[in-house]
Amino acid sequence: MSEIKMKIVWIDDDQQRFKVWEHGLGSILRGTNIEGDVETFQVKDDLLKNIELKINDWKDKVNLFIIDHTFTQAESLPFALRGSVLAHLLRNALPNIPIVCVSGQKMNSNKFNMEDISEYTYLFPIDELGDPKNQERLFSIAKDFNQLIFSDSTSIRNSLVELLAPPESVKRILYNILPEEFESEIIHGTTPHRIAHWVLNVLMEKPGFLLDRLAAATYVGLKEVAFESHKDIFSSALYKGPFHTDSHPYWWVSSLTDELYRALPNEYVNLVPQQAGRYLEGVSEEDYSVCFITQKHTPAPDSVAYSDATMSSRHAVQCQYTSPLNDEEGITPGFAARLKMNSYPLQEG
């Protein structure tokens, strides 16, 4: 297996956090063993001066910045400086290096607002960074970010759609719903970051074009285990664009639909996918997806929803038992709202 090392700069005010992670970052990404060579940078009162002195050392040498969001141990920072502000300043100087936040605060806590979140390429809860899936995602960001650095004469929208490699039937739709800021052929310093943020936090996270394993399994009427055993049928539907990983795959929903009906006799092509998938060869009643609310497989669950607004867990469920996760969920053009459950199973006494 091939190996590569990546240079990571971790900016934090907590020395204990450095000790835990400076030798503990590494992953296998698409068959390559990747090790993170971590340089630690402690936040102190003279943070901005010290950062400025390091900029030239980091240019063209660093693959990723990791930044804490709340600097509680540095008491005299100007303007109560947070990690998101530092991320903005770093990006002005080094626009071609992704910046992720690793924080003890949850994204939906009152420590974050949308402006904060938009400054980071991605956000990882610190207590989940040890999860191999998250480390694989971390290194996919470090490795793939440079794919989003387009030349000034490039049509961003065309180039991005080709890079994402969607099914032909989806290309024009995807082109039309891309944010307006990706329209110009003038590449701004923040363009790679804005594209990366959109791919990771919109395209991959919101229902519309891509489905993760639970959503894909539910879409074809199966439990995740049964879907996994039939995944070869859907291999051509896998997303292979920037930031894809083996441990947390996504499937293009349109290709998933095409491959499903291609694998079935013609008599089932008029069924909705949640019903049709149950006629795949080798599928039994035990493989059918089950609604978390009713605990029944019929009618088939047709949605995936969070258990509540904390987003701590997701389950297959019938759409009638759900509501939008929050008031802002329906405002992203081309995407459906993420859902939360508004009813719960009765507990038997």
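Arginine 30 is partly exposed in this predicted model, because its relative accessible area of 28% lies between the 20% limit for buried residues and the 50% limit for exposed ones. The residue belongs to the loop that connects strand S2 (26–29) with strand S3 (32–42). Its backbone carries a positive phi, near 55°, in a residue other than glycine. The side chain of arginine 30 forms a salt bridge with that of aspartate 144, at 2.6 Å from N to O. Aspartate 144 is part of helix H5 (residues 132–144), so this pair ties the loop between S2 and S3 to a part of the chain 114 residues away in sequence. The two partners differ in their surroundings: aspartate 144 is buried, with a relative accessible area of 1%, whereas arginine 30 counts as partly exposed at 28%.

A positive phi is also found at alanine 165, where the value is again near 55° in a residue other than glycine. Alanine 165 is located in the loop between helix H6 (156–164) and helix H7 (168–177). With a relative accessible area of 46%, alanine 165 is partly exposed. A further backbone feature is the cis peptide bond between threonine 298 and proline 299, with omega at about 0°. Proline 299 sits in the loop that runs from helix H12 (273–276) to strand S9.

Charged side chains can be considered next. Side chains of opposite charge can pair when their charged atoms come close. Over the whole structure, a search finds 13 salt bridges. One of them joins the side chains of lysine 7 and glutamate 39, with an N to O distance of 3.4 Å. Since lysine 7 lies in strand S1 and glutamate 39 in strand S3, the pair ties together parts that are 32 residues apart in sequence. Lysine 7 is partly exposed at 24% relative accessibility, while glutamate 39, at 18%, is buried. Both residues belong to a network of salt bridges that also includes Lys54 and Asp57. Elsewhere, glutamate 162 and lysine 171 meet through their side chains in a salt bridge of 3.3 Å, N to O. Lysine 171 is buried, with a relative accessible area of 18%.

Strand S1 leads on to the pairing of strands. Strands of a sheet pair through backbone hydrogen bonds, either parallel or antiparallel. S1 (residues 3–12) pairs with S4 in the parallel sense over four bridges, and valine 9 has phenylalanine 65 as its bridge partner in S4. S4 also pairs in the parallel sense with strand S5 (residues 99–103), here over three bridges. In that pairing, isoleucine 67 stands opposite cysteine 101 of S5. Strand S4 (residues 64–67) is covered on both faces: Leu64 and Ile66 are buried on one side, and Phe65 and Ile67 are buried on the other.

Another sheet is formed towards the later part of the numbering. This open sheet has four strands in the order S10-S9-S12-S11, with mixed pairing. Strands S10 (314–317) and S11 (322–324) stand at the edges with a single partner strand each, so one side of each has no neighbour in the sheet. On average, and with direction ignored, neighbouring strands of this sheet are turned by 50° against each other. Strands S9 (residues 303–306) and S12 (residues 339–341) run parallel and are joined by two bridges. Alanine 305 has leucine 339 of S12 as its bridge partner.

The helices show further contrasts in cover. Helix H8 (residues 191–203) is mostly covered, with 12 of its 13 residues buried; among these are His193, His197, Trp198 and Leu200. Glutamine 15, in helix H1 (residues 15–21), is partly exposed with a relative accessible area of 45%. The side chain of glutamine 15 makes a polar contact of 3.2 Å with the side chain of glutamine 42. The C-alpha atoms of glutamine 15 and leucine 200 are separated by 29 Å, and the two residues are 185 residues apart along the chain. Valine 85 is a residue of helix H3 (residues 83–93) and counts as partly exposed at 34% relative accessibility. Together with Leu48 and Leu89, Val85 forms a nonpolar patch on the surface, with about 210 Å² of accessible area in total.

Key:
Residues are numbered from 1 along each chain as its sequence is written. This is a predicted model: local features need pLDDT of at least 70, side-chain atom pairs count only at pLDDT 80 or more; totals for chains, interfaces and linings use all residues. Side-chain values use heavy atoms; hydrogens and water are left out. Two strands pair if DSSP finds at least two bridges between them. Axes are lines fitted to C-alpha atoms, for helices over the stretch in contact, and angles run from 0 to 180 degrees between N-to-C directions. Patches are made of residues with over 30% relative accessible area and no salt bridge: like charges are joined within 9 Å, nonpolar side chains (Val, Leu, Ile, Met, Phe, Trp, Tyr) within 5 Å. Accessible areas come from the Shrake-Rupley method with a 1.4 Å probe; for residues, only the protein chains shown count as cover. A salt bridge is a side-chain nitrogen of Lys or Arg within 4 Å of a carboxyl oxygen of Asp or Glu. Buried means under 20% relative accessible area, exposed over 50%, partly exposed in between (1.4 Å probe, protein chains only). A polar contact is a pair of N or O atoms within 3.5 Å; within protein, one must be able to donate a hydrogen and the other to accept it, and residues adjacent in sequence count only if both atoms are side-chain atoms.
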